[in-house]
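Let's take a walk through this one together. Have the viewer open and follow along as we go.

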Amino acid sequence: MQDWFIDYLKLEYKKYISLMARSLNIQDLALGSSHGNYGYIPNNNGFNLANTSQDLYTSYSLYLYVQNLPLLKNIFLFYSIFSPGYNLILSGESHFATIYKLLYNIDYNKIAPPPQIKYHI
């Protein structure tokens, strides 16, 4: 395993531990791609769960993971121009799916490939 991936895994594990430790006080939650990861600075009652290469499936799955937080009131979804067609598992960043599976038990086997639409003119 490459060093950068191990470092990234450690960083995401720290984020996971922080989420668990603060779960009873989180009112605002950010989800979405790197635009949210780098663009949202949470207050004391907020948490940033957005991340690099996070697709809509992952964002939704993370929402399902935390939907029962007792004080959760607001969810900020950072929706980027590439979001509608981006699929993490089919991208060059698919290695991040391993981390989401390990930490949040997100099942990427349920993702159907995009339909092959053929247009006849």
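Here is a tour that goes from the overall layout to the helix packing and then to a few single residues.

One thing to keep in mind from the start: this is a predicted model. The protein has four helices and three strands, and if you trace the chain from the N terminus, the elements come in the order α-β-α-β-α-β-α. There are 121 residues, 38% of them buried. The accessible surface is about 7,900 Å², and carbon and sulfur atoms own 58% of that. As for who touches whom, take the contacts with a separation of 6 or more: 62% of them are between residues 24 or more positions apart.

Now for some helix packing. Two packed helices are described by the angle between their axes and the distance between the axes. Pick out helix α1 (residues 3-22) and helix α4 (residues 96-104): their axes come within 11 Å and cross at roughly 35 degrees. The handedness of that crossing is right-handed. On the α1 side, the contact is made by Phe 5, Tyr 8, Leu 9, Glu 12, Tyr 13, Tyr 16 and Leu 19, while α4 brings in Phe 96, Thr 98, Ile 99, Leu 102, Leu 103 and Tyr 104. Sort those residues by type and you get 11 nonpolar, one polar and one charged.

Stay with α4 for a moment. Which of its residues are buried? They are Phe 96, Ala 97, Ile 99, Tyr 100, Leu 103 and Tyr 104. Look down the helix axis and these buried residues of α4 fall within an arc of 155 degrees, so they line one face of the helix. What they pack against is α1 and α3.

That brings us to helix α3 (residues 56-66), where the buried residues are Thr 58, Ser 59, Ser 61, Leu 62 and Val 66. Do the same trick of sighting down the axis: the buried residues of α3 sit within an arc of 165 degrees, so here too they line one face of the helix. Their packing partners are α1, β1 (28-32), β3 (74-78) and α4.

Next, a few individual residues, beginning with Ser 53 in the loop between β2 (46-48) and α3. Buried or exposed? Its relative accessibility is 13%, and because the cut-off for buried is under 20%, Ser 53 counts as buried. Setting aside neighbours within four places in sequence, Ser 53 is in contact with Tyr 86, Leu 88, Glu 93 and Phe 96. Check its backbone too: phi of Ser 53 is near 60 degrees, a positive value in a residue other than glycine.

His 95 is in the loop between β3 and α4. With 25% relative accessibility, His 95 counts as partly exposed. Leaving out neighbours within four places in sequence, it is in contact with Trp 4 and Phe 5. His 95 and Phe 5 are 90 residues apart along the chain, yet their C-alpha atoms are separated by 8.7 Å.

Finally, go past the end of α4 to Asn 105, which lies in the segment after that helix. Asn 105 is not a glycine, but its phi is positive all the same, at about 55 degrees. At 55% relative accessibility, Asn 105 counts as exposed.

Technical notes:
Residues numbered from 1 in each chain as written. Predicted model: local features only at pLDDT ≥ 70, side-chain atom pairs only at ≥ 80, totals over all residues. Heavy atoms only, no water. Axes fitted to C-alpha atoms, helices over the stretch in contact; angles between N-to-C directions. Helix = DSSP H or I, 4+ residues; strand = E, 2+ residues; numbered from the N terminus. Left-handed = near helix turned anticlockwise from the far one by under 90°. Contact = heavy atoms within 4.5 Å. Nonpolar A, V, L, I, M, F, W, Y, C, P; charged D, E, K, R; others polar. Buried < 20%, exposed > 50% of the residue type's maximum accessible area, 1.4 Å probe, protein only. Arc of directions from axis to C-beta. Areas by Shrake-Rupley, 256 points an atom, 1.4 Å probe, with all protein chains shown as cover.
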